[in-house]
Amino acid sequence: MIAPLRYTVVPERPEAHLYRVCCTVADPDPSGLEFALPAWIPGSYMIREFARHVVSIRAESRGKPVAIEKTDKQSWRAEACAGPLTVICEVYARDLSVRGAYLDTRHAFFNGACLFLLPKGHESAPCELEIARPRGARYRNWIVATAMDRAGAKPRGFGTYRAASYDELIDHPAAMGELALARFRACGVPHEIAIAGRHRADLPRLARDLKRVCEQHIRFFGEPAPMRRYLFLVTALGEGYGGLEHRASTALLCSREDLPVRSDAKVGERYRTFLGLASHEYFHTWNVKRIKPAAFTPYDLDREGYTSLLWAFEGITSYYDDLALLRSGLIEKKDYLELLGRSITSYLRAPGRARQTLAEASFDAWIKYYRPDENSPNATVSYYGKGSLVALCLDLLIREKTRGRKSLDDLMRALWRRHGLTGTGVEEDGVERLAEEITGLSLRKTFDDWLRSTRELPLDKLLETHGVEMILRPSESSSDRGGKPASSKASGGLAMLGAQARADADQTILTHVLDGGAAREAGLAAGDAVVAVDGLRPGRGGLDAALARRRAGETVKLHAFRRDELLEFEVRLKAAPADTCVLSELSGPRARALERWLGISHG
Ligand SMILES: [Zn+2]
């Protein structure tokens with residue numbers, strides 16, 4: 001029997017964003033003990049060095065101080081003592097993201113990776129966590145929301161919780177505050193939604209709709225669900241978007257405008273975004289939390305964990321997040337085809353897809369996807385975006401080649417049985433081998449093309465085999481995200497600058513200059529502040545409005561500041577390329593194949 005690690009988290013000075021966190025080891029190594037904080041948090045592949053928020057640290061044993069010294073940026077070593085040994089630190093928490101820790105007088109949220117020191121060698125020890133209520137009358141009505149097992153705490157109460165190991169301890173984020181709650185059961189499993197922040201969401205509606213999404217995913221992989229309970233931890237803000245998956249919960253950040261209100265009859269575009277995010281993180285309960293790359297089995301939180309498989313964990317999950325909204329009846333076929341058209345559009349607009357392969361995008365997530373800069377669209381491809389389109393192509397290809405006997409759904413269920421249920425990590429070639437095994441197809445060349453080359457994906461051909469026509473048209477404006485037919489008949493030649501920009505007071509800053517575009521050829525650069533177009537300051541409509549009535553082939557004079565130097569550019573505008581995707585249903589013999597793929601067949 002290993003002695004449990006005892007942790008305490010006290011929101012000690014909410015107004016200063018300071019937690020006090022203690023870790024007690026009953027039987028420390030007689031030669032001294034090393035403690036470390038994770039450098040990254042599973043699900044978000046970037047070195048974050050959480051130890052930088054540790055403000056102070058000390059150690060004690062039986063009331064007497066024990067020397068503790070720092071040994072590297074995230075580790076400390078406590079001197080030998082007979083035990084028990086307690087390390088106490090103050091941690092600054094003002095990161096209002098799903099990956100961090102936050103504390104103020106209104107609400108608190110934490111990921112264990114930000115707060116809990118791991119005593120080295122005690123990775124598999126069970127953990128007890130006491131969550132204390134902040135002191136003062138204003139915190140009287142605060143409650144706690146976490147999916148961690150209770151060990152004395154009342155439901156949603158402050159008190160003691162437990163986890164089987166450190167890995168589990170840091171996989172149950174917690175929120176505290178005056179949270180709004182809603183509950184439902186999905187396939188018999190209790191689910192809860194806890195919302196922090198001001199909002200006027202229709203909670204019964206939210207519970208009803210999320211129940212449909214959850215049941216769709218549980219039935220997809222097969223009952224019983226792998227978790228005993230599940231928690232959606234939502235923070236509603238004015239603007240915000242983000243999600244992070246955990247084994248029995250997810251942390252979501254959204255705009256309060258994305259939540260449904262009582263008067264909404266349909267699923268509008270903003271609510272659809274929220275449901276898509278919730279669906280995505282919920283699918284991860286299987287795909288990445290339990291079906292995991294071997295590189296993450298176990299996680300090494302001291303340094304980067306390299307894998308070329310993120311396309312399968314993020315891309316396939318992105319493919320099923322919206323598809324599940326359709327299969328559960330929350331959106332309609334035309335909505336789904338619009339969303340898919342938009343994904344294809346955003347993929348086609350990034351010149352970087354000709355530079356970086358999907359496998360490289362995954363491997364380099366640590367230094368590229370998570371650290372984007374002004375050149376990212378020219379140099380990188382998203383393993384979410386392209387990954388979801390490879391999942392689509394793989395699904396349609398398997399369905400076509402096996403005459404509908406097999407699909408990507410079968411591959412996911414096979415991954416679940418072989419890896420999810422057994423806890424065996426997926427080797428780097430594991431998804432490809434299993435795909436060949438369960439379909440009987442030879443897919444080596446296909447995977448080489450789609451994962452390890454920058455060749456174009458055969459989207460149009462594969463969609464056609466399932467009764468969907470793919471049309472590409474020029475963009476109509478910078479707000480044209482695709483998915484819908486052209487709105488004007490005479491869009492013969494929208495003039496394009498080939499740059500992305502943001503308005504900033506009286507100027508327009510170029511954020512990205514795209515390879516092959518007119519701005520690039522004229523010598524404009526990211527960071528240039530455009531102050532005049534043909535001698536006139538762009539108005540509130542920015543560059544879009546200033547160029548709206550120009551034709552391709554026309555030359556315009558742009559004045560821009562680069563740092564503090566005013567420069568002049570002659571820009572020959574180019575015609576918008578046909579990179580905007582519209583999908584529509586073809587009538588005819590393939591309608592059955594379409595219905596089977598989308599899972600909405602009533603026959
Ligand atoms: Zn994801």
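**Group meeting: a walk through the model**

Okay, let's start with one pair of residues: Tyr7 sits opposite Leu129 in β12. Before I go on, keep in mind that what you're looking at is a predicted model.

So where does that pair belong? Strand β1, residues 5–13, and strand β12, residues 127–131, pair in the parallel sense, with five bridges. β1 also pairs with strand β2, residues 18–25, and here the sense is antiparallel, over six bridges. If you want a pair to click on, Val10 has Arg20 in β2 as its bridge partner. The hairpin of β1 and β2 has four residues between the strands, and in it His17 takes a positive phi near 60°.

A quick reminder for anyone who's rusty: strands of a sheet pair through backbone hydrogen bonds, in either a parallel or an antiparallel way.

Next, a sheet with four strands. It's open, the order is β6-β7-β3-β11, and the pairing is antiparallel. Which strands are at the edges? Those are β6 (68–72) and β11 (118–119), and each of them pairs on one side only. Strand β3, residues 33–36, runs antiparallel to β11, and two bridges join them. In that pairing, Phe35 stands opposite Pro119 in β11.

Moving along the chain, have a look at Pro155, in the loop between β14 (149–150) and β15 (159–163). Is it buried or exposed, or something in between? Pro155 has 48% relative accessibility, so it counts as partly exposed; the cut-off for exposed is over 50%. From Pro155 to Ala145 it's ten residues in sequence and 8.7 Å in space, C-alpha to C-alpha.

Now the metal. Which protein residues are donors to the zinc ion? They're His280 and His284, each through NE2, and Glu314 through OE, at 2.0 to 2.1 Å from the zinc. Written as spacing along the chain, the donors follow H-x3-H-x29-E. His280 lies in helix α4 (residues 269–283) and Glu314 in helix α5 (residues 310–327), so this pair ties together parts that are 34 residues apart in sequence. Both His280 and Glu314 are buried.

On to helix α12, residues 444–452. Its buried residues include Thr446, Phe447, Asp449, Trp450 and Leu451. What do the buried residues of α12 pack against? The list is α5, α7 (358–363), α9 (385–401), α11 (430–439) and α13 (459–465). You've met α5 already: that's the helix with Glu314 in it.

There's also a pocket to show you. The second largest pocket has a volume of about 540 Å³. It's lined by 25 residues, and the closest to its centre are Asp167, Lys292, Phe296, Pro298 and Tyr299. The elements that give two or more residues to this lining are α2 (166–169) and α10 (408–420). What's the lining made of, by class? It's nine nonpolar, six polar and ten charged residues.

Last stop, another hairpin. Strand β27, residues 555–562, pairs with strand β28, residues 565–572, in the antiparallel sense, over eight bridges. Look for His559 there, whose bridge partner in β28 is Glu568. The hairpin has two residues between the strands, and Arg563 takes a positive phi near 55°.

That's the tour. If you open the model yourselves, you could begin at the zinc ion and its donors His280, His284 and Glu314. Thanks, everyone!

Definitions and conventions: Residues are numbered from 1 along each chain as its sequence is written. This is a predicted model: local features need pLDDT of at least 70, side-chain atom pairs count only at pLDDT 80 or more; totals for chains, interfaces and linings use all residues. Side-chain values use heavy atoms; hydrogens and water are left out. Donors are N, O and S atoms within 2.8 Å of the metal (3.2 Å for Na, K and Ca); water is not among the atoms, so sites may look incomplete. Buried means under 20% relative accessible area, exposed over 50%, partly exposed in between (1.4 Å probe, protein chains only). Two strands pair if DSSP finds at least two bridges between them. Contact means heavy atoms within 4.5 Å. On a 1 Å grid over the protein atoms alone, a cavity is a set of points where a 1.4 Å probe fits but cannot get out, and a pocket is an open set with protein on both sides within 12 Å along at least five of seven lines; lining residues have an atom within 4 Å of a point. Grid points are joined across faces, edges and corners, and a volume is the space filled by probe spheres set on the points. Ala, Val, Leu, Ile, Met, Phe, Trp, Tyr, Cys and Pro count as nonpolar, Asp, Glu, Lys and Arg as charged, and the others, Gly among them, as polar.
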